[in-house]
Amino acid sequence: MRENVIPVLGDYEQVETEEELLDCFWSFWMKYKEKTYCIADVPFPVETRLFLKCVETDRERRQWDAPYPLLDLSSMLYFAGIDPLKSRDQLSTKKGMGHNALDDVDTSVRIWKKLHEKD
């Protein structure tokens with residue numbers, strides 16, 4: 001996994017503890033939460049647990065700021081009559097991107113937008 005993530009990260013802020021990391025992530029989320037949706041491809045356990053940990057570090061102030069709704073790409077595929085287990089590369093308009101975190105996001109966004117072209 002490191003070979004798929006580290007090379008594409010670019011500049012990032014190094015932190016010493018998980019709590020610092022969660023706080024950095026939460027700050028990023030709060031910066032954009034009013035003008036964006038949070039979309040994940042099968043959000044359990046990764047994204048749901050990430051947001052849960054963030055909320056639990058300061059439940060009193062954060063309990064109403066987690067993403068709602070947390071949109072699930074796989075559920076959207078199923079609703080559209082597409083097998084949610086189908087390879088994402090087969091569903092994307094851009095082929096052969098490889099597997100790394102940023103390409104996975106790009107692929108999910110392309111599929112999401114393609115689903116909404118039908119509207």
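How far apart along helix α7 are aspartate 106 and arginine 110, counted in helical turns? I put that at the top of my page and worked towards it, keeping in mind that this is a predicted model.

**Entry 1: aspartate 106 and arginine 110**

I found both residues in helix α7, which covers residues 101–116. They sit four residues apart there, so about one helical turn separates them. Their side chains meet in a salt bridge, at 3.0 Å from N to O. Side chains of opposite charge can pair when their charged atoms come close. I also looked up accessibility: aspartate 106 is partly exposed at 25%, and arginine 110 is partly exposed at 30%.

**Entry 2: more salt bridges**

I searched the whole structure and got eight salt bridges. One of them joins the side chains of lysine 53 and glutamate 18, at 3.2 Å from N to O. This pair links distant parts of the chain, with lysine 53 in helix α3, glutamate 18 in helix α2, and their positions 35 residues apart. Lysine 53 has 34% relative accessibility and so counts as partly exposed. Glutamate 18, at 48%, also counts as partly exposed.

Next I checked aspartate 58, which forms a salt bridge with arginine 61; their closest N and O atoms are 2.8 Å apart. Arginine 61 counts as exposed, because its relative accessibility is 65%. I then noted a network of salt bridges that links Lys33, Glu34 and Asp65.

**Entry 3: helix α2**

I tried a little arithmetic on helix α2, residues 18–32. At 1.5 Å a residue, its 15 residues should span 21 Å, and the end C-alpha atoms are 22 Å apart, which agrees.

Which residues of α2 are buried? I found Leu22, Trp26 and Trp29. Looking down the helix axis, I saw the buried residues fall within an arc of 60°, so they line one face of α2. They pack against β1 (38–40), α3 (46–57) and α4 (59–62). On the face turned away from that buried side, I noted the exposed residues Phe28 and Lys31.

**Entry 4: cysteine 38**

Strand β1 was my next stop, as cysteine 38 is in it. Is cysteine 38 buried or exposed? Its relative accessibility is 12%, under the 20% cut-off, so cysteine 38 counts as buried.

I listed its contacts too, leaving aside neighbours within four places in sequence: Trp29, Phe51, Pro67, Pro69, Leu70 and Leu71. Trp29 was already in my notes as a buried residue of α2. Last, I compared cysteine 38 with tyrosine 68: they are 30 residues apart in sequence, and their C-alpha atoms are 7.9 Å apart in space.

Technical notes
Residues numbered from 1 in each chain as written. Predicted model: local features only at pLDDT ≥ 70, side-chain atom pairs only at ≥ 80, totals over all residues. Heavy atoms only, no water. Helix = DSSP H or I, 4+ residues; strand = E, 2+ residues; numbered from the N terminus. Expected span 1.5 Å × (residues − 1). Buried < 20%, exposed > 50% of the residue type's maximum accessible area, 1.4 Å probe, protein only. Arc of directions from axis to C-beta. Contact = heavy atoms within 4.5 Å. Salt bridge = Lys/Arg side-chain N within 4 Å of Asp/Glu carboxyl O.
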